[in-house]
Amino acid sequence: MGRGVRPDAGDLTGLEVASVTEFLARPTGVRRLLVLGSTAELAAVASATPETPIAFGGSGELFRLFALDPSSPAARRRFDSGTAYPADLGVLEIGGDSRRFLVGVGAGSFSSTGWRVPWTHRPGSVAVEGQRVVEATARGVALMNAQHWGRWNVAPRAAINDGRLEAQVFSGSMNALLRLRPALRRGLHERSSLVRRSTSAEIR
């Protein structure tokens with residue numbers, strides 16, 4: 001179970017229960033898993049035991065992607081009789097450290113997934129090397145492995161099982177980017193000249 005998760009005890013009948021932290025300390029000896037928690041906690045568990053089927057519930061963008069009920073009773077039903085679906089794990093490497101993610105990571109204005117006031121960061125020079133090179137003075141960069149991040153439809157053409165990542169670079173004035181928010185919610189922002197996109201199995 002993830003931090004702060006309090007499911008009804010009946011939803012866990014017959015299961016061995018452990019916190020995500022406890023499981024990550026000894027991630028062996030399981031045939032399948034039920035994870036109730038955040039997308040980041042799910043990514044950590046999947047990274048520790050990548051061949052193990054995982055049913056999940058709690059909170060996060062994957063429920064929108066797969067149109068799933070996030071409740072713990074629904075997650076238990078998927079655990080008992082669901083069908084496995086393959087998914088990729090993205091890997092971010094910085095200075096010798098690595099972090100695995102299921103949905104996305106970001107820099108600048110995208111370093112916070114809340115984005116209640118996007119585009120507040122000052123612009124900086126950015127170079128993204130994927131299928132094509134994008135060089136820009138940008139306020140934010142999103143590196144996506146799936147379509148949604150929070151309430152935003154950041155990468156409408158991304159797929160979580162295609163072996164590719166998608167980088168979106170957002171440039172322009174703060175006022176112009178604030179006007180882009182309705183389009184970002186609907187996944188229509190890629191039409192804007194303020195957004196540049198690159199995809200690849202590996203992005204630098």
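In this predicted model, the largest pocket encloses about 760 Å³ of space. Its lining is made up of 28 residues, and those nearest the centre of the pocket are Pro53, Ile54, Ala55, Ala84 and Tyr85. The elements α2, β2, α3 and α4 each give two or more residues to this lining, with α4 providing the largest share, four residues.

The second largest pocket has a volume of about 650 Å³, and among the 23 residues that line it, Glu16, Ala18, Phe23, Val30 and Leu33 lie nearest its centre. Here the elements that give two or more residues are α1 and β1, and β1 gives the most, with four residues.

A search of the whole structure for cavities of 30 Å³ or more finds one, and the space inside the largest cavity amounts to about 50 Å³. Its lining consists of Val35, Gly37, Ser38, Thr39, Leu42, Phe56, Gly57, Ser59, Gly60, Leu62 and Phe63, with at least two residues supplied by each of β1, α2, β2 (54-58) and α3.

The table sets out the volumes and the classes of the lining residues.

| Space | Volume | Nonpolar lining residues | Polar lining residues | Charged lining residues |
|---|---|---|---|---|
| Largest pocket | about 760 Å³ | 19 residues | four residues | five residues |
| Second largest pocket | about 650 Å³ | 14 residues | four residues | five residues |
| Largest cavity | about 50 Å³ | five residues | six residues | no residues |

Helix α4, which spans residues 72-81, has Ser72, Ala74, Ala75, Arg76, Arg78 and Phe79 among its buried residues. The buried residues of α4 pack against β1, β2 and α3, and α4 also contributes four residues to the lining of the largest pocket.

As for the nonpolar interior, the largest core comprises 27 residues, within which Leu62, Leu102, Met144 and Val154 have the most contacts. At least two residues of this core come from each of α1 (20-25), β1 (33-37), α2 (39-48), α3 (62-66), β7 (133-144) and α6 (181-186), and the largest share, three residues, is that of α2. Apart from this core lies another, of 12 residues, which includes Phe101, Val105, Val128 and Leu143. In soluble globular proteins, nonpolar side chains tend to be buried together.

Leu62 links two parts of this description, being one of the residues with the most contacts inside the largest nonpolar core and also one of the residues that line the largest cavity.

Methods: Residues are numbered from 1 along each chain as its sequence is written. This is a predicted model: local features need pLDDT of at least 70, side-chain atom pairs count only at pLDDT 80 or more; totals for chains, interfaces and linings use all residues. Side-chain values use heavy atoms; hydrogens and water are left out. A nonpolar core is a set of buried Ala, Val, Leu, Ile, Met, Phe, Trp, Tyr and Cys residues joined through side-chain atoms within 4.5 Å. Buried means under 20% relative accessible area, exposed over 50%, partly exposed in between (1.4 Å probe, protein chains only). On a 1 Å grid over the protein atoms alone, a cavity is a set of points where a 1.4 Å probe fits but cannot get out, and a pocket is an open set with protein on both sides within 12 Å along at least five of seven lines; lining residues have an atom within 4 Å of a point. Grid points are joined across faces, edges and corners, and a volume is the space filled by probe spheres set on the points. Ala, Val, Leu, Ile, Met, Phe, Trp, Tyr, Cys and Pro count as nonpolar, Asp, Glu, Lys and Arg as charged, and the others, Gly among them, as polar. Contact means heavy atoms within 4.5 Å.
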